[in-house]
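Subject: Structure for you to look at

Hello,

Here is the structure I promised to pass on. Please open it beside this email and follow along.

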Amino acid sequence: MNERTFRLLEYAEIQNRVAGRALSEEAAQAIREEQPRVCAEEAEGLKARVSAILGLMNRGEGEPREPLPAILPILPKLSVEGACLEIEEAYALGIFAERAERLKSWLSKIPGGLPGGTLSGLPDCSALADRVFRLLDREGKLRDLPEFRAIRRRIANLREGLEAAVGRYTGSEEGRRMLQSPLPSQRDGRLVLAVKANFRGRIRGIVHEVSATGQTIFVEPEEVVERNNGILIEQRALDAEIRRALRDLTGDIAVRREDLAALRRGIVELEALRARARYSLETNGAFATAGPSVVLREARHPLLGAAVPIDLVMAPEVRTVIVTGPNTGGKTVALKTLGLLALMNQSGLALPAAEGTSLPVFDGVYADIGDEQSLSQSLSTFSGHMVNIAAIAASATARSLALLDELGSGTDPEEGSAIAMAILDHLIEKGARLVVTTHHGILKNYGYTREGVENASMEFDARTLSPTFRILMGIPGESRALDIAGRNGLPPEIVEKARSYLADERADVSALIRGLRDKHRELDSGRGLVRAEELRLREERRKADLRDLRLRQKEAELKERGLGQLGGFLSESRKTLENLVRELREAEITREKTLKVKEFFAGLEQAAGAFKAELEEEQAEIAAIRRGIAETSASGCAGGSPDGAAGRPQSDAPSRNPPPDLAPGAEVLAGENRGRILRPDRKRPGAWIVQIGSLKLSMSAAELVPVPPGPARSYAASLDLVAAEARPELSLRGMRLDEALEALRRQIDAALMAGLREFAVIHGTGEGVLQKGVHDYLRGENTVADFRFSRPELGGFGRTEVTLK
C-alpha cells in the first residue's frame, strides 16, 4: 500500500465519509489514520465485528447516539501528584465514562457477543462517573453542596449590605447629582462609583482610577470598602473549598487512571467499528466474501452518484484481465471501482455491490492511472508512467493487485506494445493479479495466447454510438475511435477518409470481434434460461417433498385419532359388559337379560364395522393422494431436457407412464417403505403378501400404492431424508457454500414441519465463508426469529444456534 495509490483511488474521501459517522473525534481521527488490513485473518475479523454491529442496528435495539468527548489530553494530568482537574475536565471524564457504559451495554445485546472479545476486556468505570456527578450536575456545574452553601449565604448577605450602601448614593437626588452614572462600576473585582471630578471631596474613599479626560473619578466609598473586603475574603474561601473538592475528586479518579486509559482505547476502537457499521447501513452495502476469485456483482463506484453497476469475474487461474474498448467507455472507472472496493473490503466496510461479491485480501493495491506528466520533474507522460510502473514492478508480490491504465501509451505504438507485454510477463511471473486497460491491438492477441490471461471489453452500442459501461468477459473490444470522433464533431469527410485507410487492414479483425460479441450474448441468454429452469425444477422438487411430508403427518394424525377412538370405544364397551356380567351373577338368568346381552354384542359388532369402514375410507383417501403425488412426480422427472423445456408435455409422447395394477412382482409403496408384491394372501381375500427388505407382510390393497415404471424414485426415501434433516444439529463442514445453503434450507423446511423450533448449525471457522454465508441466509429468512454463536464450550464461533418463529 502507498499514499500515491490512495490518492489516485480517492481512498481518503471514503475515510472522511466513514469518520463523519463517528460520535467521537478521537475515533474519527483513528479512522482517518488507519490503513487497510493486509492480513487475511485481521481483515475478516474486522468485517465480522462490523457485520455484527450492523446486524444489531438492523434489529433496532435502541442504539445510544451520544457524542463522546475527547479525554486523551486530560489523562496525563492524572499522573501528576497533587494535580487538580478543572471543572470542565472532570465533567468530560464523567460524561465519557457514563456514555461508554451505555455503549457497552448496547453492544452486549449482540447474539453470541461481539466477535474478537473486544467488549469483554473493557473495565467498568460506572463508579467513576457516579463519583464525578456527586460533585457536578448534568450541566457541568457545581452542585449546591453543604460545604459551599454556608459560604455562598455569607457572600449573598454581604452583597445585600453592599447594594444598600451604594443605594444611599444612587438613591438620593443629591447623590445622583454628584455621579456621572447612577450605576456602580467594577474595578479589580470591587464595586466603585463614577464621581464627577468637581465633587471628589464630597465622597470620601479610595480612588481606583481617573478617566482619560479627567472628568470622572472612580471612588470606592469608605463604608463600601469593608463590605468589598468581606466579599473578597468569602469568595477566596469559596474558591479554596471548590479547589479542595476538585483535588479530592482528582485523587479518586487518578486511582483508576489505568482503567480509564484502557476504557478510552477500547471505546475509541468500538466507536470506529460503529462508524463503519453506520456507513455500511446508510449506503445499503454488502460484505464481500473471502475467496481466491475476484468477483464483482453489480458493483458501483461509491463516489459517483449515478454510477452504472459493473460485473467482473476473475477465476483463481486467471491472473490478468486485459480490458479494451472505446474511449469514455468506462475502462478507467472500472479500474478505480475495483481498486477502491478492494481497499474498502480490507477496511471492514460493506461494499456498494450485490450479494455474491468476493475478493481476496491483497498485501498491496497498486495503481497507475491518469496523466503522469510533471513539468517540475521534467517528466513526460510516458516517463511518468514508467517511473510509477517500475516502483510497482519492484513492490508487487503474488498477493498484490495492480491496476494499469492505458499500458504502453504515450510513445511509439509498436515499442509501447512490446514494453507493455514485457511488463505483463514480469508481473505474471511474480503471480500478481493484474487488470490492464489498453488500445493496443497486439495486446488483444497477447490475451488469447498467454496462459492465465483473459480478454475483456467495454460494451458499445453500435446503434446509438454510445457505451453501455458493461464489461464483457472473454472477448476483446474495439476502440471505436472513428465513431466517437464523428459524434464529437469531426467533419464526416475526415472520418470517411480515416475509414478508407483502415478498411483493408482491420476488416477481418472487426468481423471476428463482432462475431465473438454475438456469441457471448447468445451464451448469456442460454445460461439465463438454464438457470431459470433449474430454479423452477428445484422449487417443484421442494414442493413435492413438502407434500410427501404433509401426507406422512396426516397418516400419523389419523392413526393417533383412530387409536384414541378405539380406546374410548373399548373402554365404554368394557364398562357395559362388566355391568351385564355383574347383573347375571347377582340374579337369575331371564329372557330379558339374555336379550340384553345379545343386543350388546350386536351393537358391538355394528360399531366395530362402522369404525372399520371409516378407517378403510380414510386409507383409500390417503392412497389416492399418494398415487396422485407419484404420477405428478413421475411426469416431472421424465420431462427435463437441457434446452430449458423440462416439465413441458411433448406432442409425440405421453406426459407420464400409467401406474400398473397390483400383481405379483409389482413394485409398491407400503406406508413409508418401498416393497414388492409376492403373491395374494389366501387367508385374507383382497390382501397381498408384500416383501419389504427381509420382512414379508400381509397388507390390504388400500394400503399399497403402485410405483409407476420409468426412472425410479423412492418417495419413502424422500420422506426419510426430509424427516432426517429435521435434526437438532446440522453439520455443514466440508460442503461448498451453495451445497451448505441448500442443506440449511431443507433443514428449516423440515424443522417447521416437524415442530422443531431450535437447532444448531455446525459450519466451523476456517476462512469464514460458510459462517458468513449461513448468517447472511438466516438474516434474510422470514421464518427465523433469532440466531447466535454457541457458547465456547459448545463450539463458539464454529457453531450457530437458530431459533425459528
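Start with Lys-696, which is found in strand E16, residues 695-700. Keep in mind that this is a predicted model. Lys-696 has a relative accessible area of 56%. Exposed means over 50%, so Lys-696 counts as exposed. It also belongs to a positive surface patch. The other members of that patch are Arg-679, Arg-682 and Lys-683.

Next, the salt bridges. Side chains of opposite charge can pair when their charged atoms come close. How many salt bridges does the count come to? The count is 37. Here are three to find on your screen.

- Glu-63 and Arg-278: their closest N and O atoms are 2.3 Å apart. This pair links distant parts of the chain, with the two positions 215 residues apart. Glu-63 sits in the loop between helix H4 (40-58) and helix H5 (87-107). Arg-278 is in helix H10, residues 257-282. Both Glu-63 and Arg-278 are buried.
- Glu-241 and Arg-244: here the closest N and O atoms are 2.5 Å apart. Both residues lie in helix H9, residues 222-255. They are 3 residues apart, so about one helical turn separates them. Glu-241 is buried, at 18% relative accessibility. Arg-244 is partly exposed, at 34%.
- Glu-739 and Arg-736: these side chains meet at 3.2 Å, N to O. Glu-739 has 34% relative accessibility and counts as partly exposed. Arg-736 has 53% and counts as exposed.

Some salt bridges share partners. In this way Glu-63, Arg-65, Glu-271, Arg-274 and Arg-278 are joined into one network. You have already met Glu-63 and Arg-278 as a pair.

Now the aromatic rings. A pair of rings is described by the distance of the centres and the angle of the planes. A search of the whole structure finds 3 aromatic pairs. One of them is Phe-6 with Tyr-11. Why is this pair called tilted? Its planes are at 40 degrees. Under 30 degrees would be stacked and over 60 edge-to-face, so 40 degrees falls in the tilted range. The ring centres are 5.1 Å apart. Phe-6 is buried, with a relative accessible area of 7%. Tyr-11 is buried too, at 4%.

Phe-789 and Phe-797 form another of the pairs, and this one is edge-to-face. The centres are 5.1 Å apart, and the planes make an angle of 75 degrees. Is Phe-789 buried or exposed? Phe-789 is buried, with a relative accessible area of 11%. Phe-797 is partly exposed, at 37%.

Last, look at two backbone angles. Glu-10 is not a glycine, yet its phi is positive, at about 60 degrees. Where is Glu-10 found? It is in the loop between helix H1 (3-9) and helix H2 (11-19). Glu-10 is partly exposed, with 39% relative accessibility.

Asn-284 also has a positive phi in a residue other than glycine. The value is near 55 degrees. Asn-284 lies in the loop between H10 and strand E5 (294-299). At 64% relative accessibility, Asn-284 counts as exposed.

Best wishes

Terms used. Residues numbered from 1 in each chain as written. Predicted model: local features only at pLDDT ≥ 70, side-chain atom pairs only at ≥ 80, totals over all residues. Heavy atoms only, no water. Patch = residues over 30% accessible without salt bridge, like charges linked within 9 Å, V, L, I, M, F, W, Y side chains within 5 Å. Areas by Shrake-Rupley, 256 points an atom, 1.4 Å probe, with all protein chains shown as cover. Salt bridge = Lys/Arg side-chain N within 4 Å of Asp/Glu carboxyl O. Lys, Arg positive; Asp, Glu negative; His and termini not counted. Charge placed at Lys NZ, Arg CZ, Asp CG, Glu CD. Helix = DSSP H or I, 4+ residues; strand = E, 2+ residues; numbered from the N terminus. Buried < 20%, exposed > 50% of the residue type's maximum accessible area, 1.4 Å probe, protein only. Phe/Tyr/Trp six-rings, centres within 6.5 Å; stacked < 30°, edge-to-face > 60°.
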